[in-house]
Amino acid sequence: MAKLVLENVSKVFADQKVVDSVSLTVESGTFLALLGPSGCGKTTVLRMIAGFEPVSEGRILLDDKEISTSHTNIPPEQREMSMVFQSYALWPHMNVMDNVGYALKIKGVKGEAYLAEVNDALIAVNMAHLAKRMPNELSGGQRQRVALARCLVSHPKIVLLDEPLANLDQYLRASMEDTFREFQAKTNATFIYVTHDQAEAMALADKIAVMKQGVIEQFDSPQSLYQTPCSEWVARFIGQGSILKSSARSPEKGKQLSKQTIETLLAPGTFSANQLQTFLVRPQHIHLAQEGQGLQALIFNRVFKGERYAYKARLHNDQEILFFSESYLPLNKTIYLTIEQGYLLGD
Ligand SMILES: Nc1ncnc2c1ncn2[C@@H]1O[C@H](COP(=O)(O)OP(=O)(O)OP(=O)(O)O)[C@@H](O)[C@H]1O
C-alpha cells in the first residue's frame, strides 16, 4: 500500500521552469497516467518521483513521509519504487532469468526462494518458457515483458513507467496494454505511467493528469476528461470530437447542452466574427436525420474504419463536424444531422 503526494512541485533547469507547481494525490493501487505533448514535463515529474532528479520547490511524500524537498532527496534505491524504460534497459550479457533475478541476488535471496520468485514474475508476464534466452534473442514486446518482470520481482510500492510501449508496433502495444492492466489488477501496486498517447492513457489508467507546458491542466478519470474537459485544449487533446462556435448564447444554465440548445446555437446567423460560445460535440452524439430535418451539412471527407465510416461534413456556416455512420455516403452529398447533446467549454 503506497500513497504518493506531490505538493506544489516545481523543477527549474537553467532558469527555465519546466515543471510549475504540480500537485497530485495518487491513492494506493491507482493506475495513474501522466499525459501530455512532447516537452510538457512529464518525464521530469516521473524522474523527480523516482528520485533521479531533485525538486527545485515543493515536496513529495510517500505514505506521509517526505522523500523529496528542495533540500532533501532520498536516493532512488531507498524509495521502494521501480522504473521501466522505453528502451527496456536489460543487461545484454545476462539471460532472461538472470535479468529478472538480479535485484533478488543483490538482496541475498537464494535457492528455492530465488527460483520461485523469479518464476512467479516470469509467469505473470507469460515469459517463463523463454527463461534461458538472451535479450538479443527476444522481440521488442518480449524484452518489455522481461523489463516488467524485473521491475516487479522486487515488489515495489510504486511502479514508474516511462513510455514503455513507444518502441512497439500497434498490435504489440495492444497486447502489452492488456499485460499492464492485468498485472496492475493482480498486484494492486500503484502505477505511474508516462505517455503522450491519449488512447493509451484512456485504455489503461484509472486517473489521468493532463499536462501542458509544465502545469497540470486537468486531473480526472478518463470518463470525466472525455465528457467534461475543463478547456478547449483538453477537449482537442482527449478523444475525437468537433469544437463548434456560436455568436448566440446558450439559454441553459449548466454546461451540458440539449439538442434544442445546440440547434439554437447553430441556427442561421449565429456565426460571425463575434463568437460568444465554444462547445464540444462528440461523434457518437450525432445521427443522420431525415431530409429537411435537423442541421444541413455537406460531406467532404470519408474514411473507412472497418465497422463504420468516419465522415467530416461542413455545416451551413462553414464549421466542420465529425460523425460516424455504418452507411456508405458519397462525398459532396447534402445530409441532415441531429446532435443529441454537447458540452459547453470555457466559463
Ligand atoms: N537535464 C535537463 N536539463 C535541461 N533541460 C531539461 C533537462 N531535462 C529536461 N529538460 C527540458 O525540460 C522540458 C521538459 O522535458 P521532459 O523530458 O520532462 O518532457 P516530456 O513531456 O517527458 O517530453 P517527451 O514526451 O518528449 O519525452 C523540455 O523542454 C526539456 O528540454
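Which residue in strand 8 does Ala 33 stand opposite? In this predicted model, the residue facing Ala 33 turns out to be Tyr 193. The two strands behind that pairing are strand 3, covering residues 31-35, and strand 8, covering residues 190-195. They run alongside each other in the parallel sense, with five bridges between them.

Zooming out a little, strands 3 and 8 belong to an open sheet of six strands, ordered 6-7-8-3-9-10 and mixed in its pairing. Strand 6 (81-84) sits at one edge and strand 10 (215-220) at the other; each has just a single partner strand, so one side of each goes without a neighbour in the sheet. Going from one strand to the next, the twist averages 15 degrees. Helix 4, made of residues 140-152, packs on this sheet and touches both strand 6 and strand 7 (158-162). The helix direction makes about 175 degrees with that of strand 6.

Then there is the ligand. Its surroundings include Phe 13, Ala 14 and Val 18, then Gly 36, and then a run made up of Ser 38, Gly 39, Cys 40, Gly 41, Lys 42, Thr 43 and Thr 44, with His 196 also on the list. Sorted by class, this shell comes out as four nonpolar, seven polar and one charged. The biggest share comes from helix 1 (residues 42-50), which gives three residues to the shell.

As for the overall layout, the protein splits into domain 1, spanning 4-235, and domain 2, spanning 240-345. Taken over C-alpha atoms, the centres of the two domains are 39 Å apart. Where the domains meet, six residues from domain 1 and six residues from domain 2 make up the contact. On the domain 1 side, the touching residues divide into two nonpolar, three polar and one charged.

A few whole-protein numbers round this off. The protein has nine helices and 19 strands, and its C-alpha trace spans about 80 × 45 × 35 Å along the principal axes. Out of 347 residues, 35% count as buried. Contacts also reach a good way along the chain: among those between residues at least 6 apart in sequence, 66% join residues at least 24 apart.

Technical notes. Residues numbered from 1 in each chain as written. Predicted model: local features only at pLDDT ≥ 70, side-chain atom pairs only at ≥ 80, totals over all residues. Domains from an automatic or database assignment. Contact = placed C-beta atoms within 7 Å. Nonpolar A, V, L, I, M, F, W, Y, C, P; charged D, E, K, R; others polar. Pairing = 2+ DSSP bridges. Helix = DSSP H or I, 4+ residues; strand = E, 2+ residues; numbered from the N terminus. Axes fitted to C-alpha atoms, helices over the stretch in contact; angles between N-to-C directions. Near = placed C-beta within 6 Å. Buried ≥ 20, exposed ≤ 12 C-beta atoms within 10 Å, placed from the backbone.
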